Amino acid sequence: MAWCILGAAVLMLSLGVDGEGGGAGGGEGGGAGGGSYVAAVYEHHLIRNLQPKVPLSRQEALEHMNKNLDVYEEQAAAAAKQGAHIIVFPEDGIHGFNFSRESIAGYLETVPDPTAVQHRLSCMAKNNSLYLVANMPGREDCDAQTPPCPPDGRYQFNTNVVFSANGTLVARYRKRNLYFESQFDTPADPQLITFDTPFAGRFGLFTCFDILFYNPAVELVEKLGVRQLIFPTAWMNTLPLLDAVQFHRSFSYATNTTLLSANLRVDAEAMTGSGIFSPGRHYITVRGRASQKLAGCW
């Protein structure tokens, strides 16, 4: 096992592959060799919109998101330099939280669509030859006159996106279990989302509050046999039972899965605690003060 901490914010860990397809070596994102791979999670010190209820133009929203994406770009490069095959960024890390349905409109992008935020994420993955997982606000237009389409003519989703090491969008997951997120819709056709990698086989995707529900968190494990899970989160620590590290480590242990958990860092909201958890072997977490000195696509 080898690991390092970058700026008290990025965790990296060399993990064994539990015989689930895609043995190590070669292919996109390289190969860790010896049946292992290197994973990184980033606990992002969010650059916030301090007036999230005030609507912004598309240009203003992009200017805000690009400040967080600048940090992502630096950290993806830093992880790649240390051999990471995959990096996971947290829920709400690009745009923030506490929006209304109307005020988040300028932040929304159709997924997939090779513009703006998705273009930058795609280039980060390709330029650093690693898999990249991020969370963003997505949209899907619909006919407002046809129920259940919302009156504003669009669905709004809390969305995870996954880009492969060549910059291709390989997975999209829309959060099923929302936690006081009036700006987003629950998907009408919730799905179990997985993606395959050449270095470690199959990974499953879910987001934050999903972990408290059978669907999709446990369903991925029991129905699809997934043993490696990606978990972007904006987790507010609440004692005694909902501490991030405690709960996420317990989930990994109880389901016998490897969990890559990337949390936000927002001290005012008690948001901290990221980790790479692998039952019966090792785990690594970060809960220190996050550093504010952050070091052909689509």
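# Exercises on a predicted model

At 2% relative accessibility, Glu91 counts as buried. Keep that residue in mind as you work through the tasks below; the structure is a predicted model.

**Exercise 1. Find the salt-bridge partner of Glu91, and say where both residues lie.**

Step 1. Look for a side-chain nitrogen of Lys or Arg within 4 Å of a carboxyl oxygen. Lys175 fits, with the closest N and O atoms 2.9 Å apart.

Step 2. Place the two residues. Glu91 sits in the loop between strand E5 (86-88) and strand E6 (109-110), and Lys175 in the loop between strand E9 (169-174) and E10. With their positions 84 residues apart, the pair links distant parts of the chain.

Step 3. Check the cover of the partner. Lys175 has 1% relative accessibility and so counts as buried.

**Exercise 2. Asp152 and Arg101 also form a salt bridge. Which of them is buried, and which is partly exposed?**

Step 1. Start with the contact: the closest N and O atoms of Asp152 and Arg101 are 2.7 Å apart.

Step 2. Locate the ends. Asp152 belongs to the loop between strand E7 (131-141) and strand E8 (154-163), while Arg101 belongs to the loop between E5 and E6, 51 residues apart.

Step 3. Apply the cut-off of under 20% for buried. Arg101 has a relative accessible area of 14%, so this residue is buried. Asp152, at 33%, counts as partly exposed.

Step 4. Widen the view: Arg101, Asp152, Arg154 and Asp185 are linked in a network of salt bridges. A search of the whole structure gives 15 salt bridges.

**Exercise 3. Classify the ring pair of Tyr37 and Phe199.**

Step 1. Begin with the whole structure, where a search finds 17 aromatic pairs.

Step 2. Take the geometry of this pair. The ring centres of Tyr37 and Phe199 are 5.6 Å apart and the planes meet at 40°, so the pair is tilted.

Step 3. Trace the chain. Tyr37 is in strand E3 (residues 36-42) and Phe199 in the loop between strand E10 (194-197) and E11, 162 residues apart.

Step 4. Test for burial: Tyr37 is buried at 0% relative accessibility, and Phe199 is buried with a relative accessible area of 0%.

Step 5. Look around the pair. Tyr37, Tyr131, Phe195, Phe199 and Phe203 form one aromatic cluster.

**Exercise 4. Describe the surroundings of strand E13 (residues 258-265).**

Step 1. Check burial. In E13, 8 of the 8 residues are buried, so the strand is largely enclosed by the rest of the structure.

Step 2. Find the parallel neighbours. Strand E4 (residues 44-45) pairs with E13 over 2 bridges in the parallel sense, with Arg265 as the bridge partner of His45. Strand E12 (residues 228-233) is also parallel to E13, over 6 bridges, and here Leu229 stands opposite Leu259.

Step 3. Add the antiparallel neighbour. Strand E14 (residues 274-278) is joined to E13 by 3 bridges; Ser261 has Gly275 in E14 as its bridge partner.

Step 4. Follow the connection. E12, helix H4 (residues 244-255) and E13 make a right-handed β-α-β unit.

**Exercise 5. Which residues form a nonpolar patch on the surface together with Leu212?**

Step 1. Locate Leu212: this residue is in the loop between strand E11 (201-205) and helix H3 (214-224).

Step 2. Check its exposure. Leu212 has a relative accessible area of 39% and is partly exposed.

Step 3. Name the companions: Phe213, Leu241 and Leu242 complete the patch, and the four together have about 340 Å² of accessible area.

Definitions and conventions: Residues are numbered from 1 along each chain as its sequence is written. This is a predicted model: local features need pLDDT of at least 70, side-chain atom pairs count only at pLDDT 80 or more; totals for chains, interfaces and linings use all residues. Side-chain values use heavy atoms; hydrogens and water are left out. Helices (H or I, at least four residues) and strands (E, at least two) are DSSP runs, numbered from the N terminus. Buried means under 20% relative accessible area, exposed over 50%, partly exposed in between (1.4 Å probe, protein chains only). Two strands pair if DSSP finds at least two bridges between them. A crossover is right-handed if, with the strands pointing away from the viewer, the path from the first strand over the helix to the second runs clockwise. Rings of Phe, Tyr and Trp (its six-membered ring) pair if their centres lie within 6.5 Å; planes under 30 degrees apart count as stacked, over 60 as edge-to-face and the rest as tilted.
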